[in-house]
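Grab a pencil and open the 3D view. Here are some exercises to work through, each with a solution right below it.

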Amino acid sequence: MSDKPGVSIIIPTFNRANLLPRAIRSIQQQSYGNWELIIVDDGSTDGTEQEIKKIQDERIRYIRNEENIGAAESRNRGVSLAQYDFIAFQDSDDVWRPDKLEKQMNYLCKGNDYDMVYCSFLHHYLDGGELVVPNQQLGDREGCIFNTLLVNNVVGTPTILIKKDRFLACGGFDISLRALEDWDFALRVSKDSRIGFLSEILVDAYQTSGSISYDGAGYYEARCKMIACNVDYLQEIGLFDQLVMDIFHGAEQRGVLDAVEKIFLMSLKKYYKI
């Protein structure tokens, strides 16, 4: 029995039988060995279950959703089944570097009062281009990063390691959102928690031909929710007008300004209770 705290790792997957084994291998190759992997199959039809059964590892648990419920709810379901007090997330088309989990656990548990830790990741594009995230976005990276996250999405889901009680306290991922649920989640965590950051690249994220396409309405619904939930604070720090103008400017460029103005008003009514 390891004397190191256990980590429950959650992978939601849908029709990624060709990529999922690579993601699993990157977990099995971790230098930190006290973990369980909960794979939540969101109704795959491509032989995902058969691929997982080929892998002989008692630390891996396979759960199948009877119907497709989406990545956010699948992650929440995985956490509800987790036996350990620390939660990490991986995506079925991404790869952890071998010391990712060990370095993050050491950092999270060294007595700095962090509830969550994340790291840099390298995004690999289909055209061969690469981008380190976070890159040159303004704002604090560590500690109280709520203001940073109000403006910039700097936390990738596969980079997150969080205490389970904190995940549950903030309500997990918002299953009503069709996009940016990872950004919304990190923002809500940061509102009441100190968050740690490792600048070292510990995750490789790969764009694939089957990656989720841009959901314009979902994007604007999520961003409008984030602003509507924090109107008073944004006005207090002088960011409200800027963020609203940024959203409307982007919507105008896409030719959807009228629709986004309606989404924003609906969000204010729902979340700000005007």
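A residue counts as buried when its relative accessible area is under 20%. Keep in mind that you're looking at a predicted model.

**Exercise 1.** Find which residues of helix α3 are buried, and what covers them.

*Solution.*
Step 1: Walk along α3, residues 71-80, and pick out the buried ones: Ala72, Ser74, Arg75, Asn76, Gly78 and Val79.
Step 2: Now look for what covers these buried residues. The cover includes three strands, β1 (7-13), β2 (35-41) and β4 (86-89). It also includes the helices α6 (164-169) and α7 (181-192).

**Exercise 2.** Work out where on helix α4 its buried residues lie, and why.

*Solution.*
Step 1: List the buried residues of α4 (residues 100-108): Lys100, Leu101, Gln104, Met105, Tyr107 and Leu108.
Step 2: Look down the helix axis. These buried residues fall within an arc of 160°, so they line one face of α4.
Step 3: Check that against the general rule. An α-helix has 3.6 residues a turn, so residues three or four places apart point the same way.

**Exercise 3.** Describe the surroundings of strand β2: is it enclosed or open?

*Solution.*
Step 1: Count the buried residues. In β2, 7 of the 7 are buried, so the strand is largely enclosed by the rest of the structure.
Step 2: Sort them by direction. Trp35, Leu37, Ile39 and Asp41 point one way, while Glu36, Ile38 and Val40 point the other way. That's the usual pattern: in a regular strand the side chains alternate between the two faces of the sheet.
Step 3: Check the partnership with β1. The two strands run parallel and are joined by 7 bridges; Ile9 has Leu37 of β2 as its bridge partner. To get from β1 to β2, the chain passes through helix α1 (residues 20-28), and this β-α-β crossover is right-handed.
Step 4: Do the same for strand β3 (residues 60-64). It pairs with β2 over 5 bridges, again in the parallel sense, and Tyr62 of β3 stands opposite Ile39. With helix α2 (residues 48-53) included, β2 and β3 make a right-handed β-α-β unit.

**Exercise 4.** Find the second largest pocket and say what lines it.

*Solution.*
Step 1: Start with the space inside, which is about 230 Å³.
Step 2: Look at the lining, made by 14 residues. Closest to the centre are Val151, Trp183, Tyr219, Arg223 and Asp246.
Step 3: Assign elements. Those giving two or more residues are α8 (216-228) and α10 (240-253), and α10 gives the largest share, 5 residues.

Key. Residues numbered from 1 in each chain as written. Predicted model: local features only at pLDDT ≥ 70, side-chain atom pairs only at ≥ 80, totals over all residues. Heavy atoms only, no water. Buried < 20%, exposed > 50% of the residue type's maximum accessible area, 1.4 Å probe, protein only. Helix = DSSP H or I, 4+ residues; strand = E, 2+ residues; numbered from the N terminus. Contact = heavy atoms within 4.5 Å. Arc of directions from axis to C-beta. Pairing = 2+ DSSP bridges. Right-handed = clockwise from strand over helix to strand, strands pointing away. 1 Å grid on protein atoms, 1.4 Å probe; cavity = no way out; pocket = protein on both sides within 12 Å on 5 of 7 lines; lining within 4 Å. Points joined across faces, edges and corners; volume = space filled by probe spheres on them.
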